[in-house]
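Dear colleague,

I am handing over the structure below, and I would be glad if you could keep it open while you read the notes that follow.

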Amino acid sequence: MIELKSRGELEAMRAAGRVVAKVLRAVREHASVGTSLRELDQLAADILNDEGAKSSFLHYHPRFAPSPYPAVLCTSVNDAVVHGIPTDYRLGDGDLLSVDFGAHVDGWHGDAAVSFVVGNGNQADLDLIAATERGMWAGIEQARPGNRMGDIGHAIAAIGRRAGYGLLADNGGHGVGRAMHEAPHVPNEAVAGKGMPLREGLVIAIEPMFLAGGRDDYRYADDGWTILTSDGSRAAHVEHTIAVTADGPLVLTAQ
């Protein structure tokens, strides 16, 4: 079932989105050479507490996972694409870090992700991140009443494929609302003009994941959560929660 949100409900979701944006901004500012992933997770937890918000990720237990998720952040480094569990690993110069975070306020969720290079990055990593961001914004631009879900996936994939990147198989965006993951699925590759019509009040997370090696397949790390590129190449992941409105896409997790 797909629940379309009212203007008042979108305002309530914006409150959660602001917390998500605040945490991601703070994590990005704090992440530096020598910082541990667990320190970043604690920073996010402290901000959640200060804001009176709750984590969307902590204790989340989908069917594919062997155990509930143990942290408030997902921190995926280098060849880790998504769902990386924060550990005592300390960031090194040139690491590519993708950070995914979700929060809920008064029962409404927000979900977003950023990717960036710690310290001095090489051009290939910077190009990968920039392309993934362009893919996300291209997809967001298509999130308008009268378009179809396939228009979003087509816009994202056109940028990724043109640059020679892989698109993570079996993964994509999703509906967001009273639950972090709701219907519908939002593909990162699709046929333009196909799929469900986009209607005012639909709230979705648009989240491209581009893989530098050009392959779409992946493997799981031993923790059962972290998704790694199959060839060891680096990956980037960016995401915003957006609403389809008559005035165009409304980004609910913007700063």
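A good place to begin is Asp 111, which counts as buried because its relative accessible area is 2%, in what is a predicted model throughout. This residue lies in strand β5, which runs over residues 108-117. Setting aside residues up to four places away in sequence, Asp 111 touches Val 20, Phe 57, Asp 100, Phe 101, Gly 102, His 174, Met 180, Glu 239, His 240, Thr 241 and Thr 253. With one of these, His 174, there is also a polar contact from side chain to side chain, at 3.1 Å.

Two of the residues that Asp 111 touches, Asp 100 and Glu 239, appear together with Asp 111 in the UniProt record, where an unreviewed entry carries the annotation "binding site" for Asp 100, Asp 111 and Glu 239. These residues are spread over 140 residues of sequence, yet they cluster in space, with a largest C-alpha distance of 8.0 Å. From this set, Asp 100 and Asp 111 are included in the lining of the largest pocket.

As for Glu 239, you will find this residue in the loop between β13 (235-237) and β14 (240-243), and Glu 239 is buried, with a relative accessible area of 1%. Apart from neighbours within four places in sequence, the contacts of Glu 239 include Asp 100, Asp 111 and His 174, and among the others are Ala 112, Ala 113 and Met 136.

With best wishes

Definitions and conventions:
Residues numbered from 1 in each chain as written. Predicted model: local features only at pLDDT ≥ 70, side-chain atom pairs only at ≥ 80, totals over all residues. Heavy atoms only, no water. UniProt positions renumbered as here; feature names shortened; annotations may be inferred. 1 Å grid on protein atoms, 1.4 Å probe; cavity = no way out; pocket = protein on both sides within 12 Å on 5 of 7 lines; lining within 4 Å. Helix = DSSP H or I, 4+ residues; strand = E, 2+ residues; numbered from the N terminus. Buried < 20%, exposed > 50% of the residue type's maximum accessible area, 1.4 Å probe, protein only. Contact = heavy atoms within 4.5 Å. Polar contact = N/O pair within 3.5 Å; in protein donor to acceptor, adjacent residues only side chain to side chain.
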